[in-house]
Amino acid sequence: QVQLVESGGGQVQAGGSLRLSCAASGRTSSPGVMAWFRRTPGKEREFIAGINWSGGNTNYADSVRGRFITTRDDAKNMGTLQMNSLKPEDTATYYCAVRQGRVVAAAPSLYEYWGQGTQVTVSS
């Protein structure tokens, strides 16, 4: 089992930045992929960004590419999502998730472990 806890959410004005963190505990010794998703009421979870265990492969949704950056520090069992140039449409609950393997998949169903989510609100 892997436990994930997100932090760093909050409220920011459009154009601002936030940094989300995801702390992993439990069976974190196996290589895997850490990804970020977001969800707004009435919608499915949306893949935002992901990074594989070595950090050598990242993937981003078109909606955030160039604005968001994901990193991870396996020695600290931590992942981060740096969000810049935030827009009101980025308002959502953000989740980190982990899956085994090396492929940064976009489908939520492929991720075994999820955090509880952290709210990000961007005002215009």
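Let us start at the hairpin of strand 7 and strand 8, where four residues lie between the strands. In this predicted model, N77 in that hairpin takes a positive phi near 55 degrees. That is worth a pause, as N77 is not a glycine. Most residues other than glycine have a negative phi. You can find N77 in the loop that links strand 7 and strand 8. How buried or exposed is N77? With a relative accessible area of 26%, N77 counts as partly exposed.

Now follow the two strands that this loop connects. Strand 7 pairs with strand 8, which covers residues 78-83, in the antiparallel sense, and six bridges hold the pairing. Two of the partnerships are easy to pick out by eye. F68 has M83 of strand 8 as its bridge partner, and T71 is matched with T80 of strand 8. The pair of threonines deserves a closer look. Besides being bridge partners, T80 and T71 are joined through their side chains by a polar contact of 2.4 Å. T80 belongs to strand 8, and T80 is buried, its relative accessible area being 11%. The cut-off behind that word is a relative accessible area under 20%, so T80, at 11%, falls on the buried side.

With that pair in mind, step back to the sheet around it. Strands 7 and 8 belong to an open sheet of four strands, whose order is 1-3-8-7 and whose pairing is antiparallel. Which strands stand at the edges? They are strand 1, residues 2-7, and strand 7, residues 68-73. Each of these has a single partner strand, so one side of each is left without a neighbour in the sheet. Going from one strand to the next, the twist averages 15 degrees.

Strand 1 gives us a residue to look at on one of those edges. V5 is placed in strand 1, and V5 is partly exposed, with a relative accessible area of 47%. From V5 you can also look across to V120. The two valines are 115 residues apart in sequence, while their C-alpha atoms are 15 Å apart in space.

Next, turn to another set of strands, with strand 5 as our guide. Strand 5 takes in residues 46-51 and is mostly covered, as five of its six residues are buried. F47 is a residue of strand 5, and F47 is buried, with a relative accessible area of 10%. Between the C-alpha atoms of F47 and N59 the separation is 9.6 Å, and 12 residues along the chain lie between one position and the other in numbering.

Strand 5 has pairings with both strand 4 and strand 6. With strand 4, residues 32-39, the pairing is antiparallel and runs over five bridges. Here M34 stands opposite I51 of strand 5. The hairpin of strand 4 and strand 5 has six residues between the strands, and within this hairpin G42 takes a positive phi near 85 degrees.

With strand 6, residues 58-60, strand 5 pairs over three bridges, again in the antiparallel sense. A49 finds its bridge partner in Y60 of strand 6. Strand 5 and strand 6 form a hairpin with six residues between them, and in its turn G55 has a positive phi of about 80 degrees.

G42 and G55 are glycines, but S85 brings us back to the kind of case we met at N77. S85 has a positive phi of about 50 degrees although it is not a glycine. The position of S85 is the loop between strand 8 and strand 9, the latter being residues 92-100. Is S85 buried or exposed? S85 is partly exposed, with a relative accessible area of 42%.

Finally, let us look at empty space rather than at strands. Rolling a probe the size of a water molecule over the atoms shows where such space is left. The second largest pocket holds about 160 Å³ of space. Its lining includes R38, R39, T40, K43 and E44, and also E46, S63 and R67. K87, E89, D90 and A92 are among the lining residues as well. What kinds of residue make up this lining? Nine are charged, two are polar and one is nonpolar.

Conventions
Residues are numbered from 1 along each chain as its sequence is written. This is a predicted model: local features need pLDDT of at least 70, side-chain atom pairs count only at pLDDT 80 or more; totals for chains, interfaces and linings use all residues. Side-chain values use heavy atoms; hydrogens and water are left out. Two strands pair if DSSP finds at least two bridges between them. Helices (H or I, at least four residues) and strands (E, at least two) are DSSP runs, numbered from the N terminus. Axes are lines fitted to C-alpha atoms, for helices over the stretch in contact, and angles run from 0 to 180 degrees between N-to-C directions. On a 1 Å grid over the protein atoms alone, a cavity is a set of points where a 1.4 Å probe fits but cannot get out, and a pocket is an open set with protein on both sides within 12 Å along at least five of seven lines; lining residues have an atom within 4 Å of a point. Grid points are joined across faces, edges and corners, and a volume is the space filled by probe spheres set on the points. Ala, Val, Leu, Ile, Met, Phe, Trp, Tyr, Cys and Pro count as nonpolar, Asp, Glu, Lys and Arg as charged, and the others, Gly among them, as polar. Buried means under 20% relative accessible area, exposed over 50%, partly exposed in between (1.4 Å probe, protein chains only). A polar contact is a pair of N or O atoms within 3.5 Å; within protein, one must be able to donate a hydrogen and the other to accept it, and residues adjacent in sequence count only if both atoms are side-chain atoms.
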